[in-house]
Amino acid sequence: MKQKIPNSFGLDVYAQHLVTVTSVEELHVAWQQAAAKQMPIMIIGEGSNTLFTTDFQGMIIVNRIKGIAVNETSTDWQLKVGAGEKWHDLVTYTVEGAMPGLENLALIPGCVGSAPIQNIGAYGVEFKKVANYVELYELATGKILTIDDGQYGYRDSIFKQKYADGYAVVAVGIRLAKKWQPVLTYGELKNFDAQTVTAKMIFDKVCAIRRSKLPDPHVLGNAGSFFKNPIVDQSVVNTLLAHYPTMPIYPQNNQCAKLSSGWLIDQCGLKGYQIGGAAVHQQHALVLVNQNRATSQDIVDLARYIRDSVVQKFAVNLSPEIRFIGQFGEINADKLLERVDGTS
Ligand SMILES: Cc1cc2nc3c(=O)[nH]c(=O)nc-3n(C[C@H](O)[C@H](O)[C@H](O)COP(=O)(O)OP(=O)(O)OC[C@H]3O[C@@H](n4cnc5c(N)ncnc54)[C@H](O)[C@@H]3O)c2cc1C
């Protein structure tokens with residue numbers, strides 16, 4: 001019987017088979033079953049970074065492998081965390097246990113196993129700052145591989161590239177240095193005094209800001225930032241600044257700068273813009289929401305409209321941060337948005 005796929009957009013999307021696994025052994029059994037029937041397989045955490053463009057004609061494996069082990073050394077805390085733990089619960093656990101380092105990443109939905117895959121980031125910190133290793137289960141051989149170098153980039157890693165197919169993240173190693181330095185580079189966090197601030201103060205502030213700015217997916221379905229912030233050449237920045245002197249830019253360490261997708265979308269006057277049941281959030285232009293029983297197609301159509309509007313006004317291409325999943329597996333989100341008919 002078809003089962004509903006957990007997804008933070010709150011879409012009515014179904015999988016032919018859906019299995020929740022709580023151990024590597026259960027993961028292995030589920031994989032074997034799907035492989036024996038030559039079924040497509042997809043492993044997910046909480047579905048908070050995915051858009052299922054249609055029902056999934058295969059097996060969805062929901063990872064709920066739990067457990068947190070802490071090893072304290074003279075210089076740091078080394079954590080080994082089951083991939084199915086909730087990320088925010090881990091952040092809370094470390095902050096309450098006086099192990100600072102994750103506080104800027106509070107309230108990001110999803111599972112720990114997904115954090116290295118897209119190198120989650122917020123408020124001036126990315127996962128790579130605390131990454132120690134990632135344990136992958138190689139589905140074809142049943143072997144566990146330990147990857148020390150995740151080759152992390154902006155919303156990118158080796159787990160999105162080389163290890164995208166046929167591997168499941170089963171555990172994540174995190175290193176939190178005892179010599180803690182608060183990261184106060186972003187927005188309201190700048191108001192804290194670096195000498196007196198505690199990790200708990202940053203955690204509370206980040207939670208408060210996020211609760212005030214971002215829609216709660218349990219109330220209004222969404223998947224956070226829909227598009228990545230585009231990174232463009234300095235020459236493009238110069239041209240744009242000549243027309244839009246107040247445009248926010250974030251210089252990178254080479255001849256490039258990151259632009260704010262939210263600002264670009266907002267400048268197109270799209271806050272609140274709606275197609276079918278999908279809408280651009282009123283407060284946060286980068287967040288697309290399931291306003292009123294949206295279908296996957298509504299969200300794809302809205303994303304395409306936004307992308308086209310930004311290209312027309314700024315000649316800048318937006319690329320989705322969210323992973324698009326078609327009926328047999330991941331599909332190329334950029335290509336889908338380029339297509340006029342929107343079929344998947
Ligand atoms: C309100 C809101 C705010 C957000 N804010 C942020 C933010 O500030 N910063 C940020 O970086 N992200 C943010 N996100 C995006 C999202 O929370 C993160 O990307 C998160 O890491 C996704 O976790 P998940 O478990 O839900 O992943 P899923 O959506 O379940 O999966 C994401 C991808 O990873 C793959 N995958 C998942 N688990 C495994 C596994 N164990 N093994 C192999 N592959 C796997 C899936 O197949 C899929 O391709 C936000 C989302 C929401 C809804």
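**Notes on the predicted model, starting at Arg155**

1. Arginine 155 is buried, at a relative accessible area of 12%. Keep in mind that this is a predicted model. Arginine 155 sits in the loop that runs between strand E11 (143-147) and E12. Its side chain has a partner there: a polar contact with the side chain of glutamate 321, at 3.4 Å.

2. The rest of the surroundings of arginine 155 is worth a look in the viewer. Setting aside residues up to four places away in sequence, arginine 155 touches Gln118, Asn119, Ile120 and Gly121, along with Glu126, Lys160, Lys228 and Glu321. For a sense of scale, its C-alpha lies 24 Å from that of lysine 271, and the two are 116 residues apart along the chain.

3. Gln118 leads us on to the ligand. Which residues come nearest to the ligand? Out of 33 residues around it, they are Ile43, Ser48, Ser114, Gln118 and Arg210. On the polar side, a ligand oxygen is 2.6 Å from a polar backbone atom of isoleucine 43. With glutamine 118 the side chain is involved: one of its N or O atoms is 2.7 Å from an oxygen atom of the ligand. For arginine 323, an N or O atom of the side chain is 3.5 Å from a ligand oxygen.

4. How much of the ligand does the protein bury? Taken alone, the ligand would expose 990 Å², and 93% of that is buried by the protein. Strands E3 (41-44), E8 (121-122), E12 (167-177) and E13 (221-225) are the elements that each give two or more residues to the shell. By residue type, the shell splits into 15 nonpolar, 13 polar and five charged.

5. Now the packing. The largest nonpolar core has 47 residues, and those with the most contacts inside it are Leu51, Ile60, Phe226, Phe227, Ile265, Ile306 and Phe324. Helix H6 (residues 296-314) gives the most to this core, seven residues. If you want one residue to click on, try isoleucine 306: beyond its neighbours within four places in sequence, it is in contact with Phe227, Ile265, Leu270, Val280, Leu288 and Leu318. A separate core, of 41 residues, lies apart from that one and includes Val95, Leu105, Ile108 and Val130.

6. Serine 296 is also in helix H6. Is serine 296 buried or exposed? At 9% relative accessibility, serine 296 falls under the 20% cut-off, so it counts as buried. Its side chain reaches the backbone oxygen of phenylalanine 52 at 2.7 Å. Leaving out residues up to four places away, serine 296 touches Leu11, Val13, Phe52, Thr53 and Thr54.

7. Tryptophan 31, in helix H1 (residues 24-36), has a relative accessible area of 19%. Why does that count as buried? The label goes to anything under 20%, so tryptophan 31 gets it. Not counting residues up to four places away, tryptophan 31 touches Ile41, Ile61, Leu139 and Ala140. Its C-alpha is 28 Å from that of leucine 336, with the two positions 305 residues apart along the chain.

8. Alanine 257 belongs to strand E16 (residues 256-259) and is buried, at 1% relative accessibility. Beyond its neighbours within four places in sequence, alanine 257 is in contact with Pro230, Ile231, Val232, Gln234, Val237, Tyr250, Pro251 and Gln252. Threonine 75, by contrast, is 35 Å away from alanine 257, C-alpha to C-alpha, and 182 residues apart in sequence.

9. Finally, two backbone angles to check. Most residues other than glycine have a negative phi. Alanine 98 has a positive one, about 55°, and leucine 107 has a positive phi too, near 65°. Alanine 98 is found in the loop between helix H2 (87-96) and E8, and leucine 107 lies in the loop between H2 and E8 as well. How accessible are they? Alanine 98 is exposed, at 53%, while leucine 107 is partly exposed, at 22%.

Conventions. Residues numbered from 1 in each chain as written. Predicted model: local features only at pLDDT ≥ 70, side-chain atom pairs only at ≥ 80, totals over all residues. Heavy atoms only, no water. Near = heavy atom within 4 Å. Polar contact = N/O pair within 3.5 Å; in protein donor to acceptor, adjacent residues only side chain to side chain. Areas by Shrake-Rupley, 256 points an atom, 1.4 Å probe, with all protein chains shown as cover. Helix = DSSP H or I, 4+ residues; strand = E, 2+ residues; numbered from the N terminus. Nonpolar A, V, L, I, M, F, W, Y, C, P; charged D, E, K, R; others polar. Core = buried A, V, L, I, M, F, W, Y, C linked by side-chain atoms within 4.5 Å. Buried < 20%, exposed > 50% of the residue type's maximum accessible area, 1.4 Å probe, protein only. Contact = heavy atoms within 4.5 Å.
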